[in-house]
Amino acid sequence: MKHLNYIIVVSLLWGACFAQAFKTSQEVVAKLRTFQAQSFKNIDAKAKFKLEDDIVDTLVDSVKLAVKEPQNSELRSEVIRVSVLFLRHDDTQYAGELLLPLYEKNKSEFKNLIRNLPAADSRMVLEAVENASREASQGNG
Amino acid sequence: MRTLGENLNLFKKVTRLSMALVFITSSALADITEELKDLILTGDLNGHIVEDNKFDFTRGSKTAKKVVPRGSKGQVLEVKQLKKTKSFAVKIRISSVGGNRGRTTAKVNDEVWVYYSTQKGRRPWVKFKDEIGQTVQDPAVGLIAHAQRDGDALAIPGVVAHPELPTVEEIIENSEPEKSEVTVDPNLAKNSDRKSTEGAFCPTCPELASPRTLQSTKTEALNIVSLTNRVVDPNNPWSNDPEIMNYSNSAQTQKMIKHAMNNKSRRPTGYCYRFVKRSLVASGVVSKYPPGGHARDGVKDLKAQGMKNLLDDPKYKNKIKSYRDVPKGMIIVAHNGTSASGDIVVKTDWGAMGGYVSDFFTPNPYTEGSPKARRAARAGKPYKITGVMYKP
């Protein structure tokens, strides 16, 4: 009986871990919507780094989901919006690398996705993603 | 019957012998250049049959005879670098046809030319394997070597027989012109101080020093090293190290920093190592363009050009804990031990005053300012400084 209890507890914990790890698209979209242009205003360097880290973690999850759910246009447009926001404030243009799985999956679809953005933003996203793609395959030398 | 001591001696001998063998083998392997042997297509490519020695890889080219599908494998026979695009034409013998065979007429043992693009933003859709079956990380070096070897065999118009890495002259020619110092014509300069008259105003004169006191004279005397006439900054921990100070204050280093700042782009391009290499070559710190394709190779490449890694010296290793501790003008290489390319930058000034320049400028150290580096640290693979390179 003691062993059975032990097994049940371990299985429940295991299940809880997976439930925590796999976020639904609604949760991810809701999280993405919390990132706004105002989020970057009047914050010190430390808070900016924290915000950037939060955006990075959310973008990683959301890009994974967006690759799995190609029909989820709401998620995709939020991913692009937050990426543009991040690119505007990040010197290193890391969002390009984060968007890479989405770009590699279907390039023409990705270009359609950024078509509705203002020209400068669209160019910025495409440039960042293409640079990241080239760096991944050929290096930075 | 052997005693325990004899057995131990034999064991020691065998261990030493095997260690020596491992060392010799690893040293020999380290010197193997990235030789291209086999090729794998990661996308559908046109197979060109080149006649009359004319290469045409443009869209709708008549030399494109068959599609070589994704997943096909081949053996590299010949390589040419194309003059105009600096990309490569690679002749292969197809060893296996991948993808949907119904869509192609390509057969095993067909010999065709495929295009290997090195242009920015274009993927070559080709991977190379070396003689031991490992993927070649920087095929451009191997392709150039191959093309140099094949160049003499066939002189084809429009093809570089001996392609080479960029020369000093080419780099200087393609660099931005040096920005001249902003000078003010004394006759046009305006006096912004309303309390003083024009006669007391001189735009080019240094500020009038405050009257000297005994204390200020003593401080000045302390700040001057009499023999070398070198000013010692009490806040600079490197002040008493002539080797470091000579490098950091040398004209070549200043020129390198200036070149890097003049030629950086507004946003990152993903070519940090390339920009640093160009500045090193243009300023004369190194004489040849280093060949590596990844910033993580910076330590090895630059050592081959006569530069030294400050971290090799235990005296300095303890002194450098972060990017901010690195002296002015040194090349900082950082990597986290993964397959990532790593980062390389030039430090522009002393201590926290200095920024970091490669393909773009940032005032923040990579390990702190880069979201990528912070993410790697959170994942347990932090970026660490692997090299602080300088020319002794």
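**Helix α6(B), its surroundings and two loop residues**

Thr253(B), Met256(B), Ile257(B), His259(B) and Ala260(B) are the buried residues of helix α6(B), where buried means that 20 or more other C-beta atoms lie within 10 Å of a residue's own, exposed means 12 or fewer, and partly exposed is in between, with C-beta atoms placed from the backbone. These buried residues fall within an arc of 160° when seen down the axis of α6(B), so they line one face of the helix; the arc is that of the directions from the helix axis to the C-beta atoms. The model is predicted, so local features need pLDDT of at least 70 and side-chain atom pairs count only at pLDDT 80 or more, while totals for chains, interfaces and linings use all residues. Residues are numbered from 1 along each chain as its sequence is written, and chains are lettered from A and ligands numbered from 1 in the order in which they are written.

Helices (H or I, at least four residues) and strands (E, at least two) are DSSP runs, numbered from the N terminus. The cover over the buried residues of α6(B) includes α5 (242-249), α7 (272-283), β13 (343-347) and β14 (356-357) of chain B, with contact taken as C-beta atoms, placed from the backbone, within 7 Å.

Turning to the interior, the largest nonpolar core has 41 residues, among which Ile331(B), Ile332(B), Ile344(B) and Met389(B) touch the most other members. Such a core is a set of buried Ala, Val, Leu, Ile, Met, Phe, Trp, Tyr and Cys residues joined through C-beta atoms within 7 Å. Two or more residues each come from α5, α6, α7, α8 (298-303), β12 (331-335), β13, β14 and β16 (384-390) of chain B, and α7(B) gives the largest share, 7 residues. Beyond its neighbours within four places in sequence, Met389(B) is in contact with residues including Gly298(B), Val299(B), Leu302(B) and Ile331(B).

The contact between the chains takes 27 residues from chain B and 21 residues from chain A. On the chain B side, α7 and α11 (371-378) each supply at least two residues.

Two loop residues of chain A are also worth a look. Asn42(A), in the loop between α2 (25-33) and α3 (45-68) of chain A, has a positive phi of about 55° although it is not a glycine. Gln93(A), in the loop between α4 (73-89) and α5 (95-98) of chain A, likewise has a positive phi, near 55°. Most residues other than glycine have a negative phi. Asn42(A) counts as exposed because it has 6 C-beta neighbours inside 10 Å, whereas Gln93(A) is buried, with 24 other C-beta atoms within 10 Å.

How values were computed: Two residues are in contact if their C-beta atoms, placed from the backbone, lie within 7 Å.
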